[in-house]
Amino acid sequence: MVLIKSLFLTGLSATWSFASASAPTYDHSEVIDLIPSNFDKLVLSGKPALVEFFAPWCGHCKNLAPVYEQLAHEFAFAKKDKLIIAKVDADAEKSLGKRFGVQGFPTIKFFNGKDEKPIDYNGGRDLESLSAFLTEKTGVKPKKKAVAPSQVEFLNDKSFKEVIGGDKDVLVAFTAPWCGHCKSLAPIWETVATDFINEPNVVVAKVDAEAENAKATAKEQGVTSYPTIKFFPKGSKEPEAYSGGRTEEALLSFINSKAGTHRTIGGGLDATAGTIEVLDTLVSKFTSGSSISEVAAEATKAAADLKSDAQYKYAEYYVRVFDKLSKSDNYVAKELARLDGIIKKGGLAPAKLDEFTSKINILKRFVAKAAGKSEL
């Protein structure tokens, strides 16, 4: 029976769960996998090595995994000649575990590269403690890359109840730190969250289903495999299971269809953002020959009916365009050129870029309808 070392206190599990949730994700691993045939060549050849002995089923190992990966990435520049960070699946490679007296998981040992007598690492399992240990032993300092803050909202048992059923549409991925498919999804999930950064009523979230402070939520939601993705409409605690593709495009399309948003790959807006069907009908009526005064009056009434709607801002813009056109036939062409020029200059705040893009979409409805009329 495997003995878990006394330093694995229950209180540490919450810290490790938090660390695994906040650690960045990567598209490749910098941790070297060791087996009997390459162990001596890599670990005992003169170059220091930090080696984790783990078991795939070990919960503490799963929590440590993302922190250990981040550590390896921050010391990756030293891999060639100064230091390697590696791991051994001691459940599969029992001979290596026995050779170095491994009795519990995870066990971390530091090898100076010159002999077979490693130093047991008994410090904290957080990134700062591990980094400080390696710097003390080797003189090598980590190179930390600037990482943009995550736009994914991490939910636990408490915050899940606060967010779900509120005034926001929420897409949640239930994941596990050791899950390969979850790791593949992670950068895509982050990208999707960033795409919706300017949508205050949309939340892209995650639940670490194996974290102590989130296990109950995963169980209540019937999560039995990873990743499990569910959509919770605003005002509802009843989810809809997501079974579509795990690409940025597929996830964007799904959220747009459920939340009424218009985001495209990269976070921009599509050609229908800002447009309103009932007012587009009036634009068509105007360009088909009806008097502008008659249609403008109808547009004003239609916009008033949308006063309590999120679209009201752009309903008012339709009315403004009709008013401007009543005074100048060239207004639409001139305004399109002006807004397009501002966008091309760059430097706009995201919210202002969204506003101008939506206004351009509306103006183009007038142009498209007018073109259609001239071709008849």
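D33 is partly exposed, with 49% relative accessible area. That residue pairs with K87 in a salt bridge, and the closest N and O atoms sit 2.7 Å apart. D33 belongs to strand β1 (residues 32-34) and K87 to strand β3 (residues 84-89), so the salt bridge ties together parts that are 54 residues apart in sequence. Keep in mind that this is a predicted model. Across it, the count comes to 23 salt bridges, and a few of them are picked out below.

**A bridge between two helices**

- E355 and K313 form a salt bridge, with 3.8 Å between the closest N and O atoms.
- E355 lies in helix α14 (residues 350-375), while K313 lies in helix α12 (residues 312-327), so this pair links parts that are 42 residues apart in sequence.
- The two partners differ in how much surface they show: E355 is buried at 13% relative accessible area, whereas K313 is partly exposed at 46%.
- For E355, the call rests on the cut-off: buried means under 20%, and E355 comes in at 13%.

**A bridge inside one helix**

- K344 and D340 meet through their side chains in a salt bridge, at 3.2 Å from N to O.
- Both residues are in helix α13 (residues 331-345), and they are four residues apart, about one turn of the helix.
- An α-helix has 3.6 residues a turn, so residues three or four places apart point the same way.
- K344 is exposed, with 67% relative accessible area, and D340 is partly exposed, with 32%.

**A shared network**

- Some salt bridges have partners in common, and these join K313, K352, E355 and K359 into one network.
- Two members of that network, K313 and E355, are the pair that connects α12 with α14.

**A look at helix α12**

- Which residues of α12 are buried? They are Y314, A315, Y317, Y318, V321, F322 and L325.
- Looking down the axis of α12, you'd find these buried residues within an arc of 155°, so they line one face of the helix.
- The length of α12 checks out too: its 16 residues should span 22 Å at 1.5 Å a residue, and the end C-alpha atoms are 23 Å apart, which agrees.
- K313, which lies in α12, is partly exposed at 46% relative accessibility.

Note on methods
Residues are numbered from 1 along each chain as its sequence is written. This is a predicted model: local features need pLDDT of at least 70, side-chain atom pairs count only at pLDDT 80 or more; totals for chains, interfaces and linings use all residues. Side-chain values use heavy atoms; hydrogens and water are left out. A salt bridge is a side-chain nitrogen of Lys or Arg within 4 Å of a carboxyl oxygen of Asp or Glu. Buried means under 20% relative accessible area, exposed over 50%, partly exposed in between (1.4 Å probe, protein chains only). The expected span of a helix is 1.5 Å times one less than its number of residues. The arc is that of the directions from the helix axis to the C-beta atoms.
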